[in-house]
Amino acid sequence: MATLKMKLFCIVLPLFFASALAIEAHWRGFVPNPLLAHQGGFGFSFDHNDHTHTGGFHLFDEAQPVVASKAAAVDPAQPANTDVAAAAGADAPAQPDFPFVNNMGAWELLLQDSGVSVMHLTLLPNNKIMFYDAAAPHISNIKLPNGECLPWKNDQGVVAQDCNAHGVEYDIATNTIRPLKITTDAWCSSGGVMPNGRFISTGGWADGIKSIRYFTPCDDGKCDFKDYPDTLNAERWYATQITLADGRLFLAGGRHSYSYEYVPPEGQKSAGSIVSELLDTTTDTDENNLYPFVYQSSDGNIFIFANDQSILFNPKTNRQIKKFPTLPGGARNYPASGMSALLPIELKEQNPDVIPIEVMVCGGALKEAYAASAKPENRVFLPALNDCGRMVITDPNPQWDKEEMPSRRVMGDMLNLPTGDLLIINGAKAGTSAWWQAEDPNFTPHIYNPKFPKGQRFFDMAPTTIPRMYHSTSAVLPSTKILVAGSNPNSGYWFAPDVKYKTELRLEIFSPPYLDASLDIHRPAIDVGATSKKLTYGADFNIQFKVNEADKPGKNDFKVHMYAVPFTTHGYSMNQRLLSLAKKDFKAVGGGVYSITALAPPSGNVAPPGFYLVFVVHRGVPSQGVWVQMNQ
């Protein structure tokens, strides 16, 4: 009998603990879902407030830290004692992230017709979005206003009229579009929001290949592009643009343009180009180094990645000063078209002289993949890459650290989410960029937690039903939802029934799991009027917000994240970065209102001047974003 009891004990006890783990283990409070087949087991939990970068299952007795009970002394029915609340908030360790059950995100159709194929996309500081396409096909699904047409010459030199708009302004609030007039072709151009809030588009094709276009956002529906043709020094078709620490705009690459240059002041001609050994030597027969991945580094230099090579470039001396190790596995830039982003940059009250900057590069294609899929009579779509590389570029001896994605992906997008995770979305599983040269759409997004142990960082999300192939785009919105747009692997606007991957004009919204309705009771709401809008490097600024008092919030339950909104095209989000700011003070104002004093980034090396969205993240649940301007 004793033996039988022991056997039953050995069977029942593990089942009890397994049940406990299945209930309480969570990623961001995420109960493991059996559809996350590549994870296996119960899944791995992680508290994002734990800076040890280690994980572990959350057991029942860990859910309510004993010290946190100090915050409960504040009676929400009575006027708040801000000194007591502030002291409790300062002392209490972070509570775990809020749980939500089996949420893999949700999709919804936002708009049936975007007017133009969304090849290029950027969010503007007035909460409107710039969409534009190539003018070369001389067709779209929306006309220029007031019956206006623009002349153009065909291959025989005959002048024709193009009455179609090739850009639109999308209004988030009204879910409507307004046609814009772009007078030179911005096909495969670069761009972004300038430090002063204006939008700038650089380069393109044909008459736009050396153009600079400016757009000043407005709310009256009367603003449009101002075009300066033949302004850049080199032809910038498939080039990359970023904002530097001093506010200058830097351009890298372009087809047959193995050089860099700085964008000149408005109305002036470029002063010239700087020859790039990197871009010259990484050009394969099929290029594989267009739209290079470029980032401002915290040491004042510029990190540039092309094909499978990367360097550090000094913008003061205009010289290459360092070469990094090769990232093996294949090619990562157009037309191989992998993805890249910076991992969140962690800031403290006292930072080292050089703040760590980590680059991530994922997916892409084999170097021979473009040639294999280029012949119409015998296209072979080679499998896309399924690996990622991470490298701390500020380390004295940097090395790539490789890992595998759950699926292969080329032409995908990689976005920094307001929570500090990354979203991998769009693209295909075989082939490369270019018309008709990819197959097997990758419908399933992945969320990547950079602080999890290797092998447990990727999580499958709910799949879309719309193929997002070549020329697809995406963006993080102030609501924290994800706008997904575009896809046109055709040489025109093709909608015929026999077209396998039609020109896609539908706009979708993807809502990550942090938007689960059960979390709304815990979601912070920033008081825009009581929050600082203009920030100074290294200075304190105040954020006031409302949150559920019943959650007994403390200082360490919150993160303040600052997001540089990118310009996205061809699978790369230029100028994107997310910073986790230091928090100096936390106070209860009363009535569920709290105030955090955060410390602005120390310099333009970590946060180039310009407009950012600030989010308050409460135990894994982000607020909506508020615009701030980081001043030079």
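This tour moves through a predicted model, one selection at a time.

**Whole chain**

Begin with the entire protein, drawn as a cartoon. The secondary structure comprises 45 strands and 4 helices. Colour the 632 residues by relative accessibility, and 59% of them fall in the buried class. A surface representation covers about 24100 Å² of accessible area, and carbon and sulfur atoms account for 55% of that area. With a contact map beside the viewer, consider pairs at least 6 residues apart in sequence: 64% of these contacts join residues at least 24 apart.

**Tryptophans at the surface**

Keep the surface on and select Trp435, Trp436 and Trp494. These residues make up a nonpolar surface patch, with a combined accessible area of about 280 Å². Now centre on Trp494, which belongs to the loop running between β32 (482-486) and β33 (507-511). Trp494 is classed as partly exposed because its relative accessibility is 34%, a value between the 20% and 50% limits.

Next, hide the surface and extend the selection to the aromatic cluster that contains these tryptophans. Its members are Trp187, Trp205, Trp237, Tyr238, Tyr291, Tyr334, Trp435, Trp436, Tyr470 and Trp494. Trp435, Trp436 and Trp494 thus appear both in the surface patch and in the aromatic cluster.

**An aromatic pair**

Across the whole structure, a search finds 36 aromatic pairs. To view one of them, select Tyr493 and Phe495: the ring centres are 6.4 Å apart and the planes meet at 70°, so the arrangement is edge-to-face. The angle exceeds the 60 degrees required for that class. Is each partner buried or partly exposed? Tyr493 is buried, at 10% relative accessible area, whereas Phe495 is partly exposed, at 40%.

**Charges over rings**

Two arginines can be inspected together with the rings beneath them. Select Arg248 and Tyr262 to see the charged end of Arg248 over the ring of Tyr262, at 4.4 Å from the ring centre. Then select Arg619 and Phe98; here Arg619 lies over the face of Phe98, with a distance of 3.8 Å to the ring centre.

**Salt bridges**

Side chains of opposite charge can pair when their charged atoms come close. With a cut-off of 4 Å between nitrogen and carboxyl oxygen, the structure holds 24 salt bridges.

Select Glu148 and Lys181, whose closest N and O atoms are 2.8 Å apart in a salt bridge. Glu148 is in the loop between β3 (128-132) and β4 (150-153), and Lys181 is in the loop between β7 (176-180) and β8 (190-193), so this bridge ties together parts 33 residues apart in sequence. Glu148 is partly exposed at 31% relative accessibility, and Lys181 is likewise partly exposed, at 26%.

Move to Arg178 and Glu169, a salt bridge with its closest N and O atoms 3.1 Å apart. Arg178 counts as buried because its relative accessibility is 17%, under the 20% limit. Glu169 is also buried, at 4%.

Then select Asp227 and Arg213, where the closest N and O atoms of the salt bridge are 3.8 Å apart. The bridge links distant parts of the chain: Asp227 is in strand β11 (residues 226-228) and Arg213 in strand β10 (residues 212-215), 14 residues apart. Both residues are buried. To finish with the charges, select Lys128, Asp171 and Asp219, which salt bridges with shared partners join into one network.

**Two buried strand residues**

Select Ser310 in strand β18 (residues 309-314). Its relative accessibility is 0%, so Ser310 counts as buried. Which residues are in contact with Ser310, leaving aside its neighbours within four places in sequence? The contacts are Leu278, Phe303, Ile304, Phe305, Lys323, Phe324, Pro325, Met391 and Trp400.

The last stop is Gly192 in strand β8, a buried residue with 7% relative accessibility. Draw a C-alpha to C-alpha distance from Gly192 to Thr122: the value is 6.9 Å, although 70 residues separate the two in sequence. Beyond its neighbours within four places in sequence, Gly192 is in contact with Arg198, Phe199, Ile200, Gln241 and Phe567.

Note on methods: Residues numbered from 1 in each chain as written. Predicted model: local features only at pLDDT ≥ 70, side-chain atom pairs only at ≥ 80, totals over all residues. Heavy atoms only, no water. Patch = residues over 30% accessible without salt bridge, like charges linked within 9 Å, V, L, I, M, F, W, Y side chains within 5 Å. Areas by Shrake-Rupley, 256 points an atom, 1.4 Å probe, with all protein chains shown as cover. Salt bridge = Lys/Arg side-chain N within 4 Å of Asp/Glu carboxyl O. Buried < 20%, exposed > 50% of the residue type's maximum accessible area, 1.4 Å probe, protein only. Phe/Tyr/Trp six-rings, centres within 6.5 Å; stacked < 30°, edge-to-face > 60°. Lys NZ or Arg CZ within 6 Å of the ring centre and 35° of its normal. Contact = heavy atoms within 4.5 Å.
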